[in-house]
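User: I am new to this structure and would like a close look at one part of it, the way its helices pack. Please start there and then follow the contacts outward, step by step.

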Amino acid sequence: MNVGIMLMSDRGPDGQPWDWRKALERWKACGLEKVDLFDRMLTAAGETVPGVQRLLAGLGLAPSIYCVPTDLISPDPAVRRASLETIRRGIDACGTLGLRQLFSHGGQHNNQGEEALKRYADGLGQAADLAAAAGLTLSIENAGKLCHTDDELLACLRLANRPNLRITFDGGNFVLAGCESHRAAERLAPYIVHVHVKTFVSAPGHTPRPFRYCPVGEGLVDYRRIRDTVRKAGFDGCMSFEPEGGFDSDWERSLRVLTGIVNEVR
C-alpha cells in the first residue's frame with residue numbers, strides 16, 4: 001500500500017490560497033508517497049499534466065490516480081456528452097502520467113432517485129467502456145445524494161455491469177450517509193481500488209450535520225480496520241488523505257498517522 005493525498009485545491013487549512021508546491025514538500029516529510037491529481041485544480045492553478053508530472057518527479061513523489069469532474073447523471077444529454085469528453089481528457093492524462101486508474105467525481109451531489117440512478121449507470125457504462133479501451137479502471141465514490149450508501153453503490157455497479165468499473169471508498173462519507181463505514185468496507189472490499197481517508201467525531205447541534213472533522217486515528221472511522229479489510233480482499237493501492245476540515249483535521253498530523261497505518265502492513 002501507499003500513502004497518498006488528494007490535491008484538490010490551492011488553499012490551506014485556513015481556507016486561504018497557499019503555495020501547494022511547498023505543501024507537497026512538507027507532506028513528503030510526513031510520509032507522503034503519491035498524489036491524487038484533480039483536473040479541476042490543475043486547470044485553476046494554470047498547471048499542465050506534463051508540468052505537474054515533472055514537479056512530482058522532482059520531489060520524489062508519484063501520481064496515484066487522475067480525477068475528473070463529470071455529471072453523467074444530468075437529464076440534459078448535452079451535459080452527459082460533455083462529461084464523456086471530460087472522461088476522454090482524463091484518459092489522455094492517464095496516458096501521459098502512466099496511470100491505470102481514472103476517478104470520476106460529481107453529479108451525485110445534485111441528483112437522486114431511481115431515474116437518476118438509471119441515467120448514472122448508463123453514463124458510467126459508456127465512460128467505463130472508453131476507459132477499458134485504454135486499459136484503465138474507472139472508479140466512483142460514495143458521495144452526495146446518489147450512491148452515498150453501500151447499497152446504492154452495489155446497485156449502481158450491478159446496473160452499469162462493467163468489469164472495469166470499481167469503487168473509491170470514502171470512509172468519512174459513509175458516516176455522513178448514516179452508514180457504518182467498517183461494515184461498508186466488508187461488503188465493498190472486492191470492488192475497492194482506491195481509498196479516501198477522512199474522519200469525524202459526533203458533534204450534536206453542529207450544522208448541517210451532527211459531525212465535526214477530526215485527525216486520522218481518532219473519531220468514528222478506524223482506518224486500521226478498513227486497511228485490514230481491503231487488504232484481505234487483495235487491495236494494494238493508495239490510501240489518500242482528504243485535506244478537508246481545516247485545522248480540525250490537522251492535515252500534517254493526519255498524514256503522519258496515516259503513514260504509520262500504511263507502513264504497519266509492510
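Analyst: The helix contacts

The axes of helix α3 (residues 49–59) and helix α4 come within 10 Å of each other and cross at roughly 35°. Everything described here belongs to a predicted model, and its local features are reported where pLDDT is at least 70. The crossing in which α3 passes α4 is right-handed, and it brings V49, P50 and Q53 of α3 up against A93, T96 and L97 of α4. Sorted by class, the residues of this contact comprise 4 nonpolar and 2 polar ones, with no charged residue among them.

Helix α4 also has a contact with helix α5, and there the two helices pack at an angle of about 30°, with their axes 10 Å apart. Because an angle under 35 degrees counts as roughly parallel, α4 is described as roughly parallel to α5. The crossing of α4 and α5 is right-handed. From α4 the contact takes in R80, L84, I87, R88 and I91, while α5 contributes R119, G123, Q126, A127, L130 and A131. In this contact of α4 with α5 the classes come to 6 nonpolar, 2 polar and 3 charged residues.

Two residues of that list, R80 and R119, lead to a loop residue, S74. This serine sits in the loop between β3 (62–69) and α4 (77–97). Leaving aside residues up to four places away in sequence, S74 touches V79, R80 and R119. Its relative accessible area is 8%, and since residues under 20% are classed as buried, S74 is a buried residue.

Going on from α5 (residues 114–133), its packing against helix α6 (residues 150–160) is set at an angle of about 55°, with the axes 8 Å apart. The two helices, α5 and α6, are therefore oblique to each other, and their crossing is right-handed. On the α5 side the contact is made by L117, Y120, A121, L124 and G125, and on the α6 side by A155, C156, L159 and A160. The residues of the contact between α5 and α6 divide into 8 nonpolar and 1 polar, with no charged residue.

From the helices we can turn to the strands. A barrel is closed by 8 strands, taken in the order β1-β2-β3-β4-β5-β6-β7-β10, and the pairing is parallel. From one strand to the next the twist averages 30°. The ring is closed where β1 (residues 2–7) and β10 (residues 238–241) pair in the parallel sense, over 4 bridges, and in that pairing I5 stands opposite F241 of β10. A helix also lies against this part of the sheet: α10 (residues 251–263) packs on it and touches β1, β7 (192–197) and β10, with a direction that makes about 150° with that of β1.

Following the ring in the other direction from β10, one comes to β7, which pairs with β10 in the parallel sense over 3 bridges, H196 having S240 in β10 as its bridge partner. The strand β7 is mostly covered, 6 of its 6 residues being buried. On to β6 (residues 165–170), we find 4 bridges joining this strand to β7, the two running parallel, and here T168 stands opposite H194 in β7. Strand β6 is mostly covered as well, with 5 of its 6 residues buried. Finally, β5 (residues 137–141) pairs with β6 in the parallel sense over 4 bridges, and I140 faces I167 of β6 across that pairing. As background for reading these strands, the side chains in a regular strand alternate between the two faces of the sheet.

One residue from another strand may be set beside the buried serine of the loop. S202 belongs to strand β8 (residues 199–202), and its relative accessibility is 52%; because the cut-off for exposed is over 50%, S202 counts as exposed. With residues up to four places away in sequence not counted, S202 touches P210, F211 and L220. Its C-alpha atom is separated by 28 Å from that of N263, a residue 61 places away along the chain. To return to the pair of serines, then, S74 is buried at 8%, whereas S202 is exposed at 52%.

Key. Residues are numbered from 1 along each chain as its sequence is written. This is a predicted model: local features need pLDDT of at least 70, side-chain atom pairs count only at pLDDT 80 or more; totals for chains, interfaces and linings use all residues. Side-chain values use heavy atoms; hydrogens and water are left out. Axes are lines fitted to C-alpha atoms, for helices over the stretch in contact, and angles run from 0 to 180 degrees between N-to-C directions. Angles under 35 degrees count as roughly parallel, over 145 as roughly antiparallel, 65 to 115 as roughly perpendicular and the rest as oblique. A crossing is left-handed if the near helix is turned anticlockwise from the far one by less than a right angle, and right-handed if clockwise. Contact means heavy atoms within 4.5 Å. Ala, Val, Leu, Ile, Met, Phe, Trp, Tyr, Cys and Pro count as nonpolar, Asp, Glu, Lys and Arg as charged, and the others, Gly among them, as polar. Buried means under 20% relative accessible area, exposed over 50%, partly exposed in between (1.4 Å probe, protein chains only). Two strands pair if DSSP finds at least two bridges between them.
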